[in-house]
Amino acid sequence: MAVPGKGLIDGLKVTAKTLGRRAVTEQYPDVQPELAPRTRGVIALMEENCTSCMLCARECPSWCIYIDSHTETAPSVGEQARERSRNVLDRFAIDFSLCMYCGICIEACPFDALFWSPEFEYAETDLRNLTHEKDRLRDWMWTVPAPQPIDPGPSVIEPVASDPAEVEAAPEAEA
């Protein structure tokens, strides 16, 4: 059977415990927060790497990426070579009012054109200004941190024999 007022007493116990502690308020505009190295802030675009393959827009679960492109033909290089066509990016926009910051578009891009930038201060007073076009997305590239060096992995360790007889017997076994 429940005791009447037990919840109120439990709540007052929690309040009494935290009443003597000092507040841990960060003064945000004056003191910048320490962010984790892999913080997801805004998505940056390296326009030179984008081939307008539309994989990022197709994989996006919130449909917040808009891409427009056209095809241009490049002249043939030799006599028997044929003309090549390539996509030219006209518009690349991300609507950050719809974006879930899931990172699927960055993982889906086979040409490394999209990157996470740790910048998070891009609030707007008008919702329409949260759609960043390719020029603004390119400006975020300077904030993208350099990739971490590749871990070389463990070096190959040769087995050490504790008995000198095993060391002498090992080359004979290989022959």
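Strands, in what follows, are DSSP runs of E at least two residues long, numbered from the N terminus. With that in hand, have a look at Asp95, which lies in strand β3. One thing to keep in mind as you go: this is a predicted model.

Let's start with the strand's surroundings. β3 belongs to an open sheet of three strands in the order β2-β3-β5, and the pairing is antiparallel. The strands at the edges are β2 (65-74) and β5 (131-132); each has a single partner strand, so one side of each is left without a neighbour in the sheet. Between β2 and β3 (residues 84-95) there are 10 bridges. You can trace this pairing with your finger: Ala74 has Arg84 in β3 as its bridge partner, and Ile65 is bridged to Ile94, again in β3.

On the β5 side, two bridges do the joining, and β3 and β5 run antiparallel too. Here we come back to Asp95, which stands opposite Thr131 in β5. Along the chain these two are 36 residues apart, yet a distance of 4.0 Å separates their C-alpha atoms. Is Asp95 buried or exposed? Its relative accessibility is 11%, and because buried means under 20%, Asp95 counts as buried.

Now for the inside. In soluble globular proteins, nonpolar side chains tend to be buried together. In this model, the largest nonpolar core has 28 residues. Those with the most contacts inside this core are Ile43, Ile65, Phe92, Ile94, Phe96 and Leu114. Which elements give two or more residues to the core? They are β1, α2 (55-59), β2, β3, α3 (104-108) and β4. The most comes from β1, which gives four residues. Two names in that contact list should ring a bell: Ile65 and Ile94 are the bridge partners we met in the sheet.

Phe96, from the same contact list, also takes us on to the aromatic rings. Searching the whole structure turns up four aromatic pairs. One of them is Phe96 with Tyr101, a stacked pair with 6.0 Å from centre to centre and 15° between the planes. Phe96 counts as buried at 5% relative accessibility, while Tyr101, at 24%, counts as partly exposed.

Another pair is Tyr122 with Trp140, and this one is edge-to-face, with the centres 5.9 Å apart and 65° between the planes. Tyr122 sits in the loop between β4 (114-117) and β5, and Trp140 in the loop between α4 (134-139) and α5 (164-174), so their pairing ties together parts that are 18 residues apart in sequence. Both of these residues are buried. Step back a little and you'll see that ring pairs link Phe96, Tyr101, Tyr122 and Trp140 into a cluster.

Next come the charges. Side chains of opposite charge can pair when their charged atoms come close. The whole structure holds seven salt bridges. Glu47 is a good place to begin, with a salt bridge to Lys134 in which the closest N and O atoms are 3.3 Å apart. Glu47 lies in the loop between β1 and α2, and Lys134 in helix α4, so this pair ties together parts that are 87 residues apart in sequence. Glu47 counts as buried at 18% relative accessibility, and Lys134 is buried too, with 16%.

Glu47 also meets Arg138 in a salt bridge, at 2.4 Å from N to O. Arg138 is in helix α4 as well, so here the parts tied together are 91 residues apart in sequence. At 31% relative accessibility, Arg138 counts as partly exposed. Add Asp135, and you have a network of salt bridges linking Glu47, Lys134, Asp135 and Arg138.

Helix α4 has a further link to offer. Arg136 forms a salt bridge with Glu124, the closest N and O atoms being 3.1 Å apart. This pair connects helix α4 with the loop between β4 and β5, its two residues being 12 apart. Arg136 is partly exposed at 30% relative accessibility, and so is Glu124 at 31%.

Last stop: the outside. Tyr28, Leu35 and Phe120 make a nonpolar surface patch of about 250 Å². Tyr28 is found in the loop between α1 (6-19) and β1 (42-45), and with 34% relative accessibility it counts as partly exposed.

Conventions:
Residues are numbered from 1 along each chain as its sequence is written. This is a predicted model: local features need pLDDT of at least 70, side-chain atom pairs count only at pLDDT 80 or more; totals for chains, interfaces and linings use all residues. Side-chain values use heavy atoms; hydrogens and water are left out. Patches are made of residues with over 30% relative accessible area and no salt bridge: like charges are joined within 9 Å, nonpolar side chains (Val, Leu, Ile, Met, Phe, Trp, Tyr) within 5 Å. Accessible areas come from the Shrake-Rupley method with a 1.4 Å probe; for residues, only the protein chains shown count as cover. A salt bridge is a side-chain nitrogen of Lys or Arg within 4 Å of a carboxyl oxygen of Asp or Glu. Buried means under 20% relative accessible area, exposed over 50%, partly exposed in between (1.4 Å probe, protein chains only). Two strands pair if DSSP finds at least two bridges between them. Rings of Phe, Tyr and Trp (its six-membered ring) pair if their centres lie within 6.5 Å; planes under 30 degrees apart count as stacked, over 60 as edge-to-face and the rest as tilted. A nonpolar core is a set of buried Ala, Val, Leu, Ile, Met, Phe, Trp, Tyr and Cys residues joined through side-chain atoms within 4.5 Å.
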